[in-house]
Structures are given as structure tokens and as C-alpha cells.
Amino acid sequence: MIEVKNLTYRANKQKVLLSNLSFEIEEGGFYGVIGNNGSGKTTLLRCLSKTLEVNDGTIFLNHKDINTYSARQLAKHIAVVPQHTDFLFDFSAHQIVMMGRSPYQKRLRSDSEQDLQSVQRAMEQTSTWHLRDTSVKVLSGGELQRVIIARALAQDTPAILLDEPVSNLDIKHQFEIMNLLSTLNRQANKTIIIVIHDMNLALTYTNRLLVLHNGDLIANAQTKDILTSENISRIFSIKATVVKDNDTKPYILFS
Amino acid sequence: MKNRNLIIVLLIIAVVILMFVGCVVGTANIGLNEAWQILLSVFTGSKHPEISQSAYYIVLNIRLPRVLMAMVSGAGLSVCGVAFQAIFRNPLSDPYVLGVSSGASLGAALAIIVGLDGVLWGVSGLSFITALATVLLIIGISSMGNRLHTTTLLLAGISINFLISALISLLMILNQQEMDRIIFWTMGSLASANFENVAITAFFVLIGVVVISLYARDLNALLLGSQTARNIGINVEKTKKIILLFSTLMIGVIVSFTGVIGFVGLVVPHIVRLSVGADNRRILPYSLLGGMLFMLVSDIVARVAIPPSELPIGSITSLIGSPIFIYLLFNAKKKLSR
């Protein structure tokens, strides 16, 4: 679905943040992007969503250069859940989720029945429907994050990019959101690309990992092959043991 | 929904009543009934024999055009405020605060000095150009990478206001024979309104309001920040350029006829936002009518406050506007320190 060829991104055309990345994202995959702080994870997501313009190399979406897509066309293919969102203005949660429908809406037309249905479905899936009339200014961090995920769902795209979507959530909502993404991935065949810090969540949910280190793609393989005790120690300079019992799912112990 | 329509209707009724009041009050003593007969004569074409010619002249050629100018410029300034607040993603933005109105007034003053006031569109044209130059200058000063820094934006606006008032003072001293006319641009006044001015201003305000309304949904998305707006399918750069171009066009034309009238674009959208929320599709129609009301009231106050002299309308709007601006600034400070 997405093919990246020799992607290089330099901040202010000087400092190299991503260097010569090549990889492929297959439709229906659940991809994790891992790496230390400053390794280029967020930059990579921004390049994939055309928020940043790449300096060298090409990103293909469905075999077409991503630069040939208009913002509106691209928004029908890729939805983004950014790391931070600040709200200076008093929108209701429903209004925020409705904005996910923008690529389908025409000027001066009011929200269609389909828009309203998509928004309600997305808000129910993220358990935010009861917050629909609440101002986003008074929502808690976790509620806000779910509202923003709902907006991405309302966008109804084959792929969703998420930048650390569960870092601010309590454990219950972490699993809720990850389970939701997993369901969307399996049932609706949505491609998920998620920047994630929690190795155990990565191990449980993703089926492929891209590992970034100082702007280089140092690994791109199946999650179970990457998340081994040796690799985690090597990449993050921390001791870790991957425990594989017969009666539980594998998990990682840090020491 | 019913409630909202009702409020729109009430606002329209209030505008009509104030239009009438605006035609009645003033130094020349013309009674309610007389003013009514005179206004009716516009539609019937027949003049009442007992009403003097001068009363007809005052109501139809002096008061009516300035009332209409108050409405048109109020609507334009307040819609521009909505547009600026979305583009700069800052509830404190307004053409006056950011120095764009002053920029326009500098152009108007220059045009008079070099004698462009005889040329068609001369004053309006130059005031649009200098307003646009001010917008570009502010964006240049306050952008950091892709973002506009709020504090820098306001400081840039304030310093530009300083710079331009210095330049205008200089122009006045160097061109003492035109001093009165230039002062007019710095204080703001509706006194020179005539039907031709009103028609030209209304034309540009109408175009601007239509274009900005077409982009109301995009303006909502811009309030979430450029990156998010782009991710949900908005062509951010194009939208910003179009909105800035048309709102600056409105400012340029309005200022060239009324001078600098401050804070309308700040006060009205702010009050509207408190009652209808952040959705620009709702804010725009209310702000349009609210801007008309605000200017009609300010104009009436300016005329009746200290008879027989008339206060500059800009001083009235600033008296109301600056406390609200300070209040908003105070709120913004509280948010930053949290």
C-alpha cells in the first residue's frame, strides 16, 4: 500500500533526521515504529502523512507518488492521530470528530446523514459518545485522546497513523484503544502504523516492527523476530528478557 | 435550532431599529415622526410639504449614508476579525491589534499627499496595498518555522502600530495643509460617508463575506493547527492565502473610507463565541449582525455623548474594546502560567 524509497529528511535542509529509508507497508498490516527518543519516529510519520516534505526519495501510495495527491485526496487514504493536540477554542467533542469528515464534505452543505452516522459509530467505538456535547477544553487527557482517535476513525481511511496514542492513557484505556485498533485491523482490514514505546503492547499487538536509530532504519521484520532479549538490550541499552510460557502470551521483563 | 433562528431574527430587528434611531439622533432637531416620513419618502417618492428641505437633506444625505456605512464597515471589520482569529489561530487577533488597519491608513494618507485621491480607486487601492504589506510583514516577523508565535505576533502588531503612527505624524507635519484629512484616518470617523462610498464598501464587504463564508469549515479546521488541518484534507496554504487576501481587501477599502476603527473585530467575535461556541459556520452570521449593531451603537453614542460636538467613533469602539482586550490577555496569561 505504501512504498518508501530512499527517503531522506533534513530539518532546515541541514540536520539529517531520517537517512535513506526504504521499506514497504502492506495493506492490512499492524506496524509498530519503535526507537529511542530522537530516533526519527515522529518525523517518519509526518513524512508518510505529507505533513513534512521529504528532501530526497519518494513515498508511493498505491503505486502513485504521494506528492501527486491533493490534501483532500490524501485525507481519504490516511488518517493521523498526532502526538499532541492543543485546543485553544471551545469546540464540542462532536464537532471535533465531525471534522474528520471534511474530506467528504462540500462547501456550504450541512453535515450529511452519512457523516452523522460515521461520527456516532466512531465515538461509540472509542467510548466517547457520552462526551459528544462536552467542550474539548474540559476533557481529561485520556478522553481527549480518544476523541482524536474517533476523529481519525470518522475519516474512514484504509490506513491510520498514530503517534504514541496510548502514552497518556490509563491502563484500562490503553488496552481498550489497542484492542479497538486490533479489531479494526482484523475485521475492517485497516492498515495501522503506530509509534509505540511500550514494548509489551508492541509485542502483543503489532505484527511487524520498524526500528529506527538516529534516523536509520536498523530493522524491519516480524515483531516476534525483533523483540528478542538480545535485540532489546542492543537497541535500548537496557536488560530485558522475553518470557515465553506455554499458558500465557509472551511478555517482556525489564531488569 | 429554533432558538438560533429566533436570535438571528431578533438581531435583524435590532439592526433595523438602530438604523432608524441613527437617522433620528443628531444635533439638528428632527423628530421621530418627521424622520419616519422622510425615510418613507425614499420608497414612496413623494415629499411631505410640512418638512423642510434641510431636514430631508440631513436625514437622507448625511445621516442615512453614515448609518449604512456604520453597518457595512461593522459587518466587514467583525467578519475580518473572525477570519484573522482563525488564520492566526489566536482569539486576540484582529485587524486593528495586528496593525493591519494602521497599515491601511498609512496607504490612505500617502495617497492623499501624492494626490491619488482624484484617481478612481486611488486611496482604496493604496490602502489595500499597504494593508497587505503589513500582513506579510507581521507573518514574516512572527513565523518560527511553520508556526506563528502568539506573543511575537501581538508584539509585531503593536510595534507596527507604533511605527505607522510615527510615520503618519511625520506625514502630517510635512504636509500641514492636509493635516485635518489625515487625522481623520487615524481616529476613525463616519462623517464623510456618502452613498458612493457606501456602495463601494458594501461591494467589497459582500465579496469578502461570501468568500470567507465559503471557507467557514476550513477555518474551523485551521483552529486545530496547520498540521491537523492538512491531515483532515485542508489545503492549508491556499486557504490561508485566499482568506488573508479577501479580508485584507475588506480592511483596505473600509479604512480608506472610515479611517481606523479599532477593536470591532475583537469584541464582536469574542462575545459571539461565548454564546455560540467555536464553530465558525455559526460565528460568521452572528458576527456580521453583531458588527453592524456594535458600530451603529458606537456611532450613535459618538454623536450624542457630548453635544454639539461629535466624538471620533474610533475612540468609542476603543473605550469598549480595550478593556475586553486586556481581559482576554489576562485570561491567556492565566492559561500560560498553569
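Reader: What makes the span of helix α8 of chain B close to the expected one?

Author: Helices here are DSSP runs (H or I, at least four residues), numbered from the N terminus. The expected span is 1.5 Å times one less than the number of residues. With 20 residues (195-214), α8(B) should reach 28 Å, and its first and last C-alpha atoms are 28 Å apart. Mind you, this is a predicted model: local features need pLDDT of at least 70, side-chain atom pairs count only at 80 or more, and totals for chains, interfaces and linings use all residues. Residues count from 1 along each chain as its sequence is written, with chains lettered from A and ligands numbered from 1 in the order written.

Reader: How do you know that the buried residues line one face of α8(B)?

Author: Buried means 20 or more other C-beta atoms within 10 Å of the residue's own, exposed means 12 or fewer, partly exposed is in between, and C-beta atoms are placed from the backbone. Among those buried are B:Val198, B:Phe204 and B:Ile212. Down the axis, the buried residues fall within an arc of 145° (taken from the directions from helix axis to C-beta atoms), so they line one face. B:Glu196 and B:Phe203, among others on the other side, are exposed.

Reader: What do the buried residues of α8(B) pack against?

Author: They pack against α3, α11 and α13 of chain B. Contact means C-beta atoms, placed from the backbone, within 7 Å.

Reader: How many residues of chain B are in contact with chain A?

Author: 20, and they meet 23 residues of chain A. α10(B) gives the most to that side of chain B, with four residues.

Note on methods
Two residues are in contact if their C-beta atoms, placed from the backbone, lie within 7 Å. Helices (H or I, at least four residues) and strands (E, at least two) are DSSP runs, numbered from the N terminus.
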